[in-house]
Amino acid sequence: MQMPIAGANKPCLCGSGLDYAECCGQYHSGEKAAPTAETLMRSRFTAYARQDEAYLLATWDATTRPAAIDFSREKAEWQKLEIVGTKKGGIKDNKGLVEFKAYFLQDGEEHVMNEASRFTRINGRWFYLDGIVKSIGKIGLQTNQGKNAPCPCGSGKKFKRCCGAN
């Protein structure tokens, strides 16, 4: 079941800065095919946020495509997409790699997923092949801030004076 997005003239969720109708809407409707791997990645992110199973399956390479996508346990509210980088995936390429960060809310907390996705172009059309999740976690967690950071044990002391003391 496709989730509605109120107003086609709202900014597209993919982060392009264009209105949905001028951006991913034209790909979701079948009006156009994505010209690059990055464009397909952006349109698939928006389709996933809208739970548009038909578009996701239609743009998934037949060799790795599942029979269906189960959104029944989806608890994430997808917020935005950030493209980290691309390798190939242009108009003249037949393969491409897009690394991205997808931001979402779950149980009222902000999370981010970093993934590298592979794409292939067959008969002039781009398809999602597969991806590797590089990391996923809450935003704002303190991670490895050095010996002067507060100790994660909650003592209120600096790490070097508490759990980091030798």
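D93 is partly exposed, with a relative accessible area of 25%. That value falls between the cut-offs of 20% for buried and 50% for exposed. The model is predicted. D93 sits in the loop between β1 and β2. Leaving aside neighbours within four places in sequence, D93 is in contact with K88, R121 and W126. Its C-alpha atom is 9.2 Å from that of A37, although 56 residues separate D93 and A37 in sequence.

**The chain as a whole**

The chain holds 3 helices and 4 strands. Read along the sequence, the pattern is α-α-α-β-β-β-β. There are 166 residues, and buried ones make up 36% of them. The accessible surface comes to about 10300 Å². Carbon and sulfur atoms account for 50% of that surface. Take the contacts between residues at least 6 apart in sequence: 42% of these join residues at least 24 apart.

**Helix α2**

Helix α2 covers residues 37–49. Its 13 residues should span 18 Å at 1.5 Å a residue, and the end C-alpha atoms are indeed 18 Å apart. How many of the 13 residues of α2 are buried? The count is 10, so the helix is largely enclosed by the rest of the structure. A37 is one of these buried residues, and others include L40, M41, R44 and F45. A37 has already appeared, 9.2 Å from D93.

What do the buried residues of α2 pack against? Their partners are the helices α1 (24–28) and α3 (53–58), along with the strands β1 (77–88), β2 (95–106), β3 (109–122) and β4 (125–138). After α2 comes Q51, with a positive phi near 55°.

**The largest pocket**

The largest pocket has a volume of about 350 Å³. Its lining takes two or more residues from each of α2, β2, β3 and β4. Helix α2 gives the most, with 4 residues. In total, 16 residues line the pocket. Nearest its centre lie R44, Y48, F100, M113 and E115. R44 is also among the buried residues of α2. By class, the lining has 12 nonpolar, 2 polar and 2 charged residues.

**Two strand residues**

G96 lies in strand β2. Is G96 buried or exposed? At 10% relative accessibility, G96 counts as buried, because the cut-off for buried is under 20%. Apart from neighbours within four places in sequence, G96 is in contact with K87, K88, G89, S117, R118, F119 and W126. K88 and W126 are also contacts of D93.

I136 lies in strand β4. At 55% relative accessibility, I136 counts as exposed, because exposed means over 50%. With neighbours within four places in sequence left aside, I136 is in contact with F104, V112 and M113. M113 is one of the residues nearest the centre of the largest pocket. E115 is another of them.

The table lists pairs of residues with their separation along the chain and in space.

| Pair | Apart in sequence | C-alpha to C-alpha |
|---|---|---|
| D93 and A37 | 56 residues | 9.2 Å |
| G96 and Y128 | 32 residues | 9.5 Å |
| I136 and E115 | 21 residues | 8.7 Å |

How values were computed
Residues are numbered from 1 along each chain as its sequence is written. This is a predicted model: local features need pLDDT of at least 70, side-chain atom pairs count only at pLDDT 80 or more; totals for chains, interfaces and linings use all residues. Side-chain values use heavy atoms; hydrogens and water are left out. Buried means under 20% relative accessible area, exposed over 50%, partly exposed in between (1.4 Å probe, protein chains only). Contact means heavy atoms within 4.5 Å. Accessible areas come from the Shrake-Rupley method with a 1.4 Å probe; for residues, only the protein chains shown count as cover. The expected span of a helix is 1.5 Å times one less than its number of residues. On a 1 Å grid over the protein atoms alone, a cavity is a set of points where a 1.4 Å probe fits but cannot get out, and a pocket is an open set with protein on both sides within 12 Å along at least five of seven lines; lining residues have an atom within 4 Å of a point. Grid points are joined across faces, edges and corners, and a volume is the space filled by probe spheres set on the points. Ala, Val, Leu, Ile, Met, Phe, Trp, Tyr, Cys and Pro count as nonpolar, Asp, Glu, Lys and Arg as charged, and the others, Gly among them, as polar.
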